[in-house]
Structure formats: structure tokens, C-alpha cells
Amino acid sequence: MPKIDLSQIPFRNGSGYPGKLAKAGDDRYVQPLGDANGLTQFGVNIVRLEPGGLSSLRHYHMEQDEFAIMLSGTCTLIDDDGEHEMLPGDCAAWPAGEANGHHLVNKTDAPATFLVVGTRTPTETGYYSDLDMMVKFDPDGFAFTRKDGSPLTADQIGDDND
């Protein structure tokens, strides 16, 4: 049945970032709505950020469009143009290939949620604006490197237990 029962879709916590960078996902919870009914051409997720939480490290996509609409609470959108308050109903969009590093941050003392929709492509390259880091993914998985393709250093990612 096409109707999705949100109570049956658990939120996932964390991130796929390497080493100490994974801590960026500690206060982020993602509910994968598109996966529940087998969508394959685009992803649809509700993201809940606890106070202090980040949606991601500041990044941009080369092959995938991304769109977000605030559902509850308040977040701060941080991009190359500065900081922008995002309230319920506010939207933001990032076309593929536009080098505008962005993320949402919950700077309040209450949880906030937003819906994010993004293209799913068989391959993707993303860049992290505040780090010398790039991610490439393909059907075999994710590979994080420096922007020039060389391996990340211990100084960049440290140890998971730092």
C-alpha cells in the first residue's frame, strides 16, 4: 500500500564520516521515508536534529540536487552566503554542481525537524567546504579522500576514540 506508516519507520542515528568526523552525526536522526516504499530515483528523509546537532558537515554535490523544507523547530542554514534562520515552512534548494557548501545546524534548545529530498545517482562526488575532504561513491560504497584524491591524514580524521 502506498500510504506510509511513519510509526513503523525507525530513525537511524550517526553518520558515515571517517574517524573523529563521525561525531558530527551524534545529534542527527534520519527517518528514511523513500526507502519504505522502494523509491529508487530520489531519496526522501525526515531529519531530526537535537539541540546542537548538524545535518552534515558543510558540503555540496556534483551530481545530485538537494531540497529541504523545515517541519518543526528552528535551524540555521549555513552556506557560502552566511547564516539564514529556517522556520517551519521555509525551504532551501541546492542544484547539482553548484559549489555552495551548506548544512543545517540546530542552535536552539529544542529538537527541530526537516524533510530533505535528493536525487539518487549511481555515482556521486561531494566536496566539504570547511575541510580538505572529498567523498566519492558508487555501487561499491563510499570513499573519503582529500580533495586531490590522496588519502586522508591522521590529523584530519584522528581516531574514532578521540
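**Pocket, cavity and cores**

User: Happy to look at this with you! Which strand gives the most to the lining of the largest pocket?
Analyst: In this predicted model, local features need pLDDT of at least 70 and side-chain atom pairs pLDDT 80 or more, while totals for chains, interfaces and linings use all residues. Residues are numbered from 1 along each chain as its sequence is written, and side-chain values use heavy atoms, without hydrogens or water. With five residues, the top contributor to the lining of the largest pocket (an open set of 1 Å grid points over the protein atoms alone, with protein on both sides within 12 Å along at least five of seven lines; lining residues have an atom within 4 Å of a point) is the strand (a DSSP E run of at least two residues, numbered from the N terminus) spanning residues 112–119, β10.

User: What volume does the largest pocket have?
Analyst: Its lining divides into 17 nonpolar, 17 polar and seven charged residues. The volume, the space filled by probe spheres set on grid points joined across faces, edges and corners, is about 1,200 Å³.

User: And which residues lie closest to the centre of the largest pocket?
Analyst: The lining counts 41 residues. Closest to the centre are Arg28, Asn45, His61, Gln64 and Phe142.

User: How much space lies in the largest cavity?
Analyst: The whole structure holds one cavity (grid points where a 1.4 Å probe fits but cannot get out) of 30 Å³ or more. Tyr60, His61, Gln64, Trp94, Pro95, Ala96, Glu98, Asn100 and His102 line the largest cavity. Its space comes to about 30 Å³.

User: Which residues have the most contacts inside the largest nonpolar core?
Analyst: This core (buried Ala, Val, Leu, Ile, Met, Phe, Trp, Tyr and Cys joined through side-chain atoms within 4.5 Å) has 14 residues. The largest share, three residues, comes from β10. Leu104 touches, among others, Leu49, Leu77, Met86 and Phe114 (contact is heavy atoms within 4.5 Å), not counting residues up to four places away in sequence. The residues with the most contacts inside the core are Leu104 and Phe114.

User: Why does Thr125 count as buried?
Analyst: Thr125 sits in strand β11 (residues 124–128). Not counting residues up to four places away in sequence, Thr125 touches Tyr60, His61, Met62, Glu63, Met134, Val135 and Lys136. Buried means under 20% relative accessible area with a 1.4 Å probe and protein chains only, exposed over 50%, and partly exposed in between. Thr125 counts as buried because its relative accessible area is 10%.

Key. Nonpolar A, V, L, I, M, F, W, Y, C, P; charged D, E, K, R; others polar.
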